[in-house]
Amino acid sequence: MKRIVKILTVILVVTYLLSIPTAAVELPIRVVVNGTKINFPDAEPFIDENSRTQVPIRFVGEALGADVSWDGNTKKVTITLNGSKVVLQIGNKNYEVNGKQNQMDTVALLKESRTFVPVRFVSEALGATVNWNANIKTVYIDMNGT
């Protein structure tokens with residue numbers, strides 16, 4: 001009888017402990033360019049409604065060694081690196097790589113006074129390799145192809 005009571009007590013304790021909601025810690029999205037973690041001082045990357053990671057392009061572009069320019073009149077951002085030129089317009093799925101039109105499944109955005117772009121499309125258009133580690137919410141961008 002004592003053994004049954006002990007077993008039932010253990011089952012109840014385990015059931016109770018498993019039913020307690022745990023506070024899920026939401027990891028921030030991190031971006032690593034050529035082995036160096038990028039700091040975003042005023043606007044953080046996020047995943048948009050199309051499941052694309054959007055990043056403030058100036059910080060990532062400059063970490064890649066690119067020139068990033070903004071035209072407020074046309075709401076276009078231009079990223080130039082090693083002879084490659086990528087042009088995106090806010091709210092437009094079409095983008096241009098070296099004069100050739102392409103299309104994304106999402107758009108560049110203005111948010112928190114920053115231009116956010118889908119990091120995979122832009123990085124790969126500039127010749128980088130992009131990998132995503134969902135477990136630690138980290139984007140790895142590498143210009144060396146590793």
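Hi everyone, let's start at a turn: Asp-71 has Lys-76, in strand S6, as its bridge partner. Please keep in mind that this is a predicted model.

That pair belongs to two strands running antiparallel, S5 (residues 67-71) and S6 (residues 76-81), which are joined by 5 bridges. Together S5 and S6 make a hairpin, with 4 residues between them. If you click on Lys-75 in that turn, you'll find a positive phi of about 55 degrees.

Now let's walk back along the chain to helix H2. Just after H2 comes Gly-65, and here too phi is positive, at about 95 degrees. Within H2 itself, the buried residues include Ile-57, Phe-59, Val-60, Gly-61 and Leu-64. It may help to recall that an α-helix has 3.6 residues a turn, so residues three or four places apart point the same way.

Next, the open sheet. What is the order of its 4 strands? Reading across, we have S3-S4-S11-S10, with antiparallel pairing. Strand S3 (46-47) and strand S10 (109-111) are at the edges with a single partner strand each, so each has one side with no neighbour in the sheet.

Let's zoom in on the S3 end. S3 pairs with strand S4 (residues 53-56) through 2 bridges, in the antiparallel sense. For Phe-46, the bridge partner in S4 is Gln-54. And this is where H2 comes back in: the helix, residues 57-64, packs on the sheet and touches both S4 and strand S11 (114-118). The direction of H2 makes about 80 degrees with that of S4.

Thanks, everyone, and I'm happy to go back to any part of that.

Conventions: Residues are numbered from 1 along each chain as its sequence is written. This is a predicted model: local features need pLDDT of at least 70, side-chain atom pairs count only at pLDDT 80 or more; totals for chains, interfaces and linings use all residues. Side-chain values use heavy atoms; hydrogens and water are left out. Two strands pair if DSSP finds at least two bridges between them. Contact means heavy atoms within 4.5 Å. Axes are lines fitted to C-alpha atoms, for helices over the stretch in contact, and angles run from 0 to 180 degrees between N-to-C directions. Buried means under 20% relative accessible area, exposed over 50%, partly exposed in between (1.4 Å probe, protein chains only).
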